Amino acid sequence: MRLLHVSDTHVGFAAYSRVTPEGLNAREQDFFDAFRRVVDLAIAERVDVVLHSGDLFDSVRPTNRALHHVMDQCRRLHEARIPFVVISGNHEAPRLRETGAVLRLLEFVPGVRAVYKGRTEVVRVGDLAIHATPHAADNDALLAQLRDVRPLADARWNVATLHAGVVGVGDFRTGEFHEQVVPQNELPQGMDYVALGHYHRAVEVAPRAWYAGSTERCSFKECGEEKGVNLVDLRKGAVEPRILPSRPMRMLPTLSCEGVDEATIPGALYERLASADLRDAIARLRVTGIPAHVHATLDFRRVKSLTEAAFHFDLQPDIIRREAQGVASAALGSLEDEFEGFLSRRTLQGDNRDALLAEAKTLLAEAAAGGSS
Ligand SMILES: [Mn+2]
C-alpha cells in the first residue's frame, strides 16, 4: 500500500502583476502547475491513494479558474483509478456555516472523498483506514475529535490526517489567523503514518508523523525550503520526501547602510543586484538605514533594468528621516515622501508596494524634469 501525502497546495494563490500569455496571473499559474505536477507524480508512481492534508485551496471562495483546475486534476486521478482524499484546512474552511464549504463541490467528482464537516470521518481505501480530521469550529473541538481517533483492528493499515500546528519538542506553528494547535502528545497514537498539514516545511515532528510541507512558497519565510510531497510505503514503513520543481525565491544579503560612506551606497546597491542570480526568481533586497536623501537619488530605472531577469523583484528599504523625530509638522513633504506615506497607510493586495513606489518615483522624477523622456 503506497500513498502520496500532499499538503498546502493553496490553489488560487495569486501575487504580483505579471501575467501569462493567456492573461492569467503568472504566480497563480505557478500554484496550478505545482498541483498538476503532484498529480503527474501520483499517476507515474501508480500510488494507491493521494491524501491531501488541507489548504488545497488558498481561500474560502476560490475563483472559477482555481475550482476548474482542481476538479480537472481530480478527474485525471479518477481516470488513473487513484482515489483522492482531502480534509479542509484553515484557509478554505468557512468562518460562517452558511458560507458553505468549497470542498463539498469536489464530491461531485468520482473517486474524491472530501472531509470538511468539522468532525473525523474514516475513509476506507482497500485495507487502509484513513482517519480524517478536518479543520474544526475551534481548537477544543479539534482536540476532542482527535481524542477519539484510534486504529481500527480490522484495517491492515491505519493513517490519520489533520491540519494544525503541532507544539512539543519543536514548535510548528505559523502564527496565522484561524490557526489550530495540537500538543505533540495529543497526536493520534498507534498509526502507521500521520499526515500533517499546515506547517509549510516538510518535517517529521514525531515518529511517522510528517508535515509534507507546501508545494509552492507562499511567503519569503519559505525562501530556503525545498518543496514537494511524501511518498509513503506502508508495507515497508518507508517515507520518501520527493522534491518537486517550484519557483525560485531569493532573499538577497541585506545591504546595511549604517556607518557607510553615503556616496558609495547607490553603487553598492547596483553591484548587489548585478551579482545576484535573479533569473525567473522572486527576489527581495532589504536595505537598512538608508538616509532619505540618498534613497531619493537612487536610479530606479537602473534598478529595474538590473532586475529584469527576475520574475518579480522587491526593493525593501528602511529609510532614515533626519528630522522625523519629535517635531510633528502639518507641512507637506516632497511629493515622493507624501506618496510613500500614503502607501504606507494603505493595505495593498499582493506584495507590490515597492514596485508601485518605484514606478511613482520614476513618474515624479520625469514630471519634475519637465516631462521629457
Ligand atoms: Mn497552509
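1. Let me start at a spot I enjoyed: in strand E13, the bridge partner of Leu196 is Tyr211. That pair belongs to a parallel pairing in which three bridges join E11 to E13 (residues 209-211). Please keep in mind throughout that this is a predicted model.

2. E11 has a second parallel partner as well: five bridges join strand E7 (residues 157-163) to E11. Within that pairing, Thr161 stands opposite Ala195 of E11. Ala195 also comes up when you look at which way the side chains face, since Tyr193, Ala195 and Gly197 point one way from E11, while Val194 and Leu196 point the other way. Residues on both faces are buried. With five of its five residues buried, E11 is therefore largely enclosed by the rest of the structure.

3. Just after E11 there is a backbone detail to look at. His198 lies in the loop between E11 and E12, and has a positive phi of about 120° although it is not a glycine. Is His198 buried or exposed? Its relative accessibility is 1%, so His198 counts as buried, the cut-off being under 20%.

4. A companion case is Arg46, in the loop between H1 and E2. Arg46, again not a glycine, has a positive phi of about 50°. The setting is another matter here: Arg46 is exposed, with a relative accessible area of 69%.

5. The loop that holds His198 also brings us to the metal site. Which residues coordinate the manganese ion? The donors are Asp8 (OD), His10 (NE2), Asp55 (OD) and His200 (NE2), at 2.1 to 2.4 Å. Along the sequence, these donor residues follow the spacing D-x1-H-x44-D-x144-H. The two histidines link distant parts of the chain: His10 sits in the loop between E1 and H1, and His200 in the loop between strand E11 (193-197) and strand E12 (203-206), 190 residues apart. Both His10 and His200 are buried.

6. Now to the six-stranded sheet. This sheet is open, with mixed pairing and the strand order E4-E3-E2-E1-E14-E15. Strand E4 (112-115) and strand E15 (238-243) stand at the edges with a single partner strand each, so one side of each has no neighbour in the sheet. From one strand to the next, the twist averages 20°. Inside the sheet, E1 (residues 2-6) and E2 (residues 49-52) run parallel and are joined by four bridges; His5 stands opposite Leu51 in E2.

7. Helix H1 (residues 26-45) packs on this sheet, where H1 touches E1, E2, strand E3 (84-87), strand E14 (228-233) and E15. The direction of H1 makes about 175° with that of E1.

8. H1 has a helical neighbour too. H1 and helix H2 (residues 64-79) pack at an angle of about 10°, with their axes 10 Å apart. The two helices are therefore roughly parallel to each other, a description used for angles under 35 degrees. On the H1 side the contact includes Phe32, Phe35, Val39 and Ile43, and on the H2 side Ala66, Val70 and Leu77 are among the residues involved. The residues of this contact divide into eight nonpolar, two polar and five charged.

9. There is also a three-stranded open sheet, ordered E9-E8-E10 with mixed pairing. Strand E9 (171-172) and strand E10 (181-183) are the edge strands, each with a single partner, so one side of each is left without a neighbour in the sheet. Strand E8 (residues 165-167) and E9 run antiparallel and are joined by two bridges, with Val167 standing opposite Asp171 in E9.

10. Val167 also serves as a reference point for Ala355, which is in helix H9 (residues 353-368). The two residues are 188 apart along the chain, and their C-alpha atoms are separated by 38 Å. Ala355 is partly exposed, with a relative accessible area of 33%.

11. Finally, the whole chain. It has nine helices and 19 strands, and its C-alpha atoms fill a box of roughly 80 × 45 × 40 Å along the principal axes. Of the 373 residues, 49% count as buried. Among contacts with a separation of 6 or more, 69% come from residues 24 or more positions apart.

Conventions. Residues numbered from 1 in each chain as written. Predicted model: local features only at pLDDT ≥ 70, side-chain atom pairs only at ≥ 80, totals over all residues. Heavy atoms only, no water. Pairing = 2+ DSSP bridges. Axes fitted to C-alpha atoms, helices over the stretch in contact; angles between N-to-C directions. Contact = heavy atoms within 4.5 Å. Parallel < 35°, antiparallel > 145°, perpendicular 65-115°, else oblique. Nonpolar A, V, L, I, M, F, W, Y, C, P; charged D, E, K, R; others polar. Donors = N, O, S within 2.8 Å, 3.2 Å for Na, K, Ca; no water. Buried < 20%, exposed > 50% of the residue type's maximum accessible area, 1.4 Å probe, protein only.
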